[in-house]
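Q: Hi! Could you walk me through this model, starting with how its pieces are named?
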Amino acid sequence: MLLSSVVQGLEWNNIEGNLDRKVEAIAYDSRDVVNDSLFVAISGFAVDGHQFIANAVEQGATTIILEKETPVRGDVTVIKVENSRDALARISANFYGNPTEKLNLVGITGTNGKTSTTYFIKSIFEQAKRSTGLIGTTGTMIGDQHIKNKNTTPESLNLQQFFSKMADTQTDNCIMEVSSHALNLRRVAYSDFNIGIFTNLSPDHLELHKDMDEYFEAKAMLFDLTKECNIVNVDDEYGRRLIQRVKDYGTVLLTYGINQKADIYPTNIRYSFDGTTYTVNTPSGSAEITVNLPGDIYVYNSLAAIACAYASDISLAEIQQGILKVTGIKGRMETVYKEQDYKVIVDFSHTEAALEKALNTLRPFVKGKLVLVFGVYADESDQGKEKRVGMSHTASKYADFSVVTSDNPKKHDQMLIIDEIAAAMDSFNGQYKAIPDREEAINYAIEASDKDDTILIAGKGHETTQIIGDQELPFNEREIVLKALKRKKQIVRS
Ligand SMILES: CC(=O)N[C@H]1[C@@H](OP(=O)(O)OP(=O)(O)OC[C@H]2O[C@@H](n3ccc(=O)[nH]c3=O)[C@H](O)[C@@H]2O)O[C@H](CO)[C@@H](O)[C@@H]1O[C@H](C)C(=O)N[C@@H](C)C(=O)N[C@H](CCC(=O)O)C(=O)O
């Protein structure tokens with residue numbers, strides 16, 4: 001592709017060199033540069049991409065986009081822009097032929113519930129014979145292909161490549177999770193969203209967003225990009241704030257909720273450990289819904305999906321079947337083991353709000369003790385001290401006993417993190433034992449449990465690794481649980 005076409009619509013401050021050269025590939029990482037690449041230098045959080053420009057040129061980059069004055073040698077076109085990440089999004093969309101113009105793109109944002117909502121929508125759309133791709137925390141799905149993602153919402157270059165692959169393979173719909181990081185870091189800029197969905201907002205990622213107002217502003221950006229319809233959880237305080245903001249946007253506004261007046265709402269909700277049934281009421285009629293996941297959380301997430309299907313003219317019968325067909329989602333209230341009243345559940349809950357919901361969802365079905373295994377993950381900057389106190393408060397209040405352990409400590413001292421959690425647990429009079437090694441912690445919870453207990457292993461959900469220092473080590477909670485149970489049974493028998 002010619003550079004002049006790649007940079008169409010790009011606003012730049014300065015340009016040196018000509019636009020009459022070819023671009024074979026785009027890279028934002030110097031290690032991915034091939035001959036005739038366009039390299040975008042990004043001032044990152046960890047390192048400054050500008051320091052790799054010389055290296056990129058050596059490897060064959062013939063165009064450089066940068067945001068900081070940097071000397072560049074060689075026969076290279078250098079374009080200086082205000083924001084490299086925004087420029088990357090613009091040129092990536094151009095390079096792949098603006099694929100979202102050919103897709104029905106649905107974006108879901110909010111602190112919790114994004115993943116299961118995407119799964120419900122994909123299943124309903126497929127029930128209605130609409131070919132559908134998915135991008136999110138558990139990976140990217142295009143046809144039979146399942147690709148692992150580094151981020152919930154990938155970088156714009158990778159994202160546009162996925163969109164283009166979907167468009168090329170007649171995958172007409174793409175349902176994707178849109179993180180606040182992605183919105184802030186311009187990963188989804190220049191993508192045409194038809195439908196935007198807001199699930200809820202509670203404290204998370206405050207290392208990037210300073211406070212809740214800023215976090216809300218980041219999430220709200222999705223609704224500035226939406227062309228046709230906005231779907232909002234009216235029961236959420238920030239959802240109501242969003243409604244005030246988008247109601248005059250000229251797009252269709254659909255609300256869903258359990259407690260407040262909403263366009264899409266449930267009646268006659270019946271809960272059980274294996275799932276929930278309810279009657280959904282929409283402006284075009286009602287239907288009986290069975291959600292094969294327990295608790296209010298999945299009532300909300302299925303309602304969001306129903307609103308999306310309703311806005312997409314999908315029949316209630318297809319909606320009903322589509323939701324029914326979601327029999328489980330990896331790491332989302334996933335029952336790893338169940339024998340009469342003894343249960344072991346793995347869940348991704350890693351915020352105070354999500355943990356509280358998960359524990360409260362289980363509580364009515366617990367005959368013995370509700371035992372929690374949890375840690376608090378460290379973000380890059382490790383600003384998570386408040387979160388350690390908050391999660392400990394939730395654990396002390398809603399679990400009968402907690403095993404405090406590590407959860408992706410990364411480069412931070414896991415003992416320090418665990419000591420802080422332990423101190424908070426003490427201050428809330430929580431019953432707990434601290435075992436830093438996560439595998440040992442799970443083993444302990446299983447060994448010490450009785451036949452009527454329920455164990456919730458929170459934090460990792462679908463993840464299959466534990467990040468300690470620079471190493472991402474394999475860590476399969478399901479296998480650990482099953483091995484521990486096998487040992488326990490052998491001990492009981494002998
Ligand atoms: C904090 C954060 O968001 N970091 C993201 C950011 O990385 P960064 O700015 O730290 O990159 P860096 O390592 O400093 O490197 C700067 C630049 O130099 C380049 N480089 C680096 C080394 C080299 O040899 N050559 C080279 O060119 C890098 O490719 C990069 O372009 O840009 C990268 C490329 O887009 C992202 O992959 C990375 O996400 C990291 C992995 C991350 O953990 N992000 C989390 C916080 C995140 O985004 N989470 C949300 C989900 C949240 C949720 O819903 O729970 C998500 O969407 O995943």
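A: Sure! Helices (H or I, at least four residues) and strands (E, at least two) are DSSP runs, numbered from the N terminus. This is a predicted model: local features need pLDDT of at least 70, side-chain atom pairs count only at pLDDT 80 or more, and totals for chains, interfaces and linings use all residues. Residues are numbered from 1 along each chain as its sequence is written.

Q: Nice. What does Gln170 do just after α5?
A: Gln170 takes a positive phi of about 55° there.

Q: And which residues of α5 are buried?
A: Ser156, Leu157, Leu159, Gln160, Phe162, Phe163, Ser164, Met166 and Ala167. Buried means that 20 or more other C-beta atoms, placed from the backbone, lie within 10 Å of the residue's own.

Q: What do they pack against?
A: The buried residues of α5 pack against β2 (25-27), α3 (84-95), β7 (132-136), β8 (139-142) and β10 (173-177). Packing here rests on contacts, with C-beta atoms, placed from the backbone, within 7 Å.

Q: Switching topic: which residues come nearest the ligand?
A: Of the 20 residues around the ligand, Asp29, Gly44, Gly49, Asn151 and Ser179 do. To be near, a residue needs its C-beta atom, placed from the backbone, within 6 Å.

Q: Where does the ligand lie relative to domain 1 and domain 2?
A: Between them, because domain 1 (3-95) and domain 2 (99-324) both give residues to its shell. The domain bounds come from an automatic or database assignment.

Q: How far apart are the centres of domain 2 and domain 3?
A: 28 Å, taken over C-alpha atoms. In contact are 14 residues of domain 2 and eleven residues of domain 3.

Methods:
Buried ≥ 20, exposed ≤ 12 C-beta atoms within 10 Å, placed from the backbone. Contact = placed C-beta atoms within 7 Å.
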